[in-house]
Amino acid sequence: QMQLVESGGSVVQAGGSLRLSCTASGGSFSLSVMGWFRQAPGKEREFVASVSWTGAITNYTDSVKGRFTISRDNAKNTVYLQMNNLQPEDTAVYYCAAENRRTSRYDDWGQGTQVTVSS
């Protein structure tokens with residue numbers, strides 16, 4: 001089982017940028033697909049982005065394409081989410097998660113970090 005700790009959440013004005021980090025311990029980080037998810041108040045958790053274990057393949061939900069970039073540094077057991085041109089609708093708790101290689105489900109989750117975008 002992988003332990004995940006997110007950081008980097010903050011309050012930012014619309015149009016601003018933030019970079020979230022998620023550091024892993026235990027498990028096989030360098031062989032795991034990693035994802036970022038978010039949950040806004042009163043809404044279900046939604047997928048934001050994912051990155052393959054090599055970093056070569058990334059996927060994004062449509063609402064963040066062109067604004068967010070997911071990346072990883074396997075030497076540091078860390079996955080990042082660079083968020084540019086943030087909008088109030090991006091306000092949410094952001095979670096990173098590790099995909100289980102056997103089940104292809106995201107089974108390991110961090111505790112989340114709050115991102116608040118003011119208009």
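The torsion about the S-S bond of cysteine 22 and cysteine 96 is about 40°, so the disulfide these residues form is right-handed. The model is predicted, and the geometry described here is computed from it. The two sulfur atoms of cysteine 22 and cysteine 96 lie 1.8 Å apart. A search of the whole structure returns 1 disulfide. In general terms, such a link is a covalent bond between the sulfur atoms of two cysteines.

The pair ties together distant parts of the chain: cysteine 22 belongs to strand β3 (residues 18-25) and cysteine 96 to strand β9 (residues 92-99), with the two positions 74 residues apart in the numbering. Cysteine 22 has a relative accessible area of 0%, so it is buried. Cysteine 96 also has a relative accessible area of 0% and is therefore buried.

Strand β3 also has a pairing partner. It runs antiparallel to β1, and the two strands are joined over 5 bridges. One of the bridge partnerships connects leucine 4 with alanine 24 in β3. Within β1 (residues 3-7), Leu4 and Glu6 point to one face and are buried, while Gln3, Val5 and Ser7 point to the other face and are not buried. This fits a general pattern: in a regular strand the side chains alternate between the two faces of the sheet.

Serine 7, in strand β1, can be followed further. Its relative accessible area is 38%, which means that serine 7 counts as partly exposed, a class that lies between under 20% for buried and over 50% for exposed. Leaving aside residues up to four places away in sequence, serine 7 touches Arg19, Leu20, Ser21 and Thr113. The C-alpha atoms of serine 7 and tyrosine 95 are separated by 9.7 Å, although the two residues are 88 positions apart along the chain.

The largest nonpolar core comes next. It holds 28 residues, of which Trp36, Leu81, Met83 and Tyr94 touch the most other members. Elements that give two or more residues to this core are β3, β4 (34-39), β5, β7 (68-73), β8 (78-83), β9 and β11 (113-118). In soluble globular proteins, nonpolar side chains tend to be buried together.

A loop residue completes the account. Glycine 55 sits in the loop between β5 (46-51) and β6 (58-60). With a relative accessible area of 32%, glycine 55 is partly exposed. Glycine 55 and asparagine 85 are 30 residues apart in sequence, and their C-alpha atoms are 23 Å apart in space.

Definitions and conventions. Residues numbered from 1 in each chain as written. Predicted model: local features only at pLDDT ≥ 70, side-chain atom pairs only at ≥ 80, totals over all residues. Heavy atoms only, no water. Disulfide = S-S within 2.5 Å. Helix = DSSP H or I, 4+ residues; strand = E, 2+ residues; numbered from the N terminus. Buried < 20%, exposed > 50% of the residue type's maximum accessible area, 1.4 Å probe, protein only. Pairing = 2+ DSSP bridges. Core = buried A, V, L, I, M, F, W, Y, C linked by side-chain atoms within 4.5 Å. Contact = heavy atoms within 4.5 Å.
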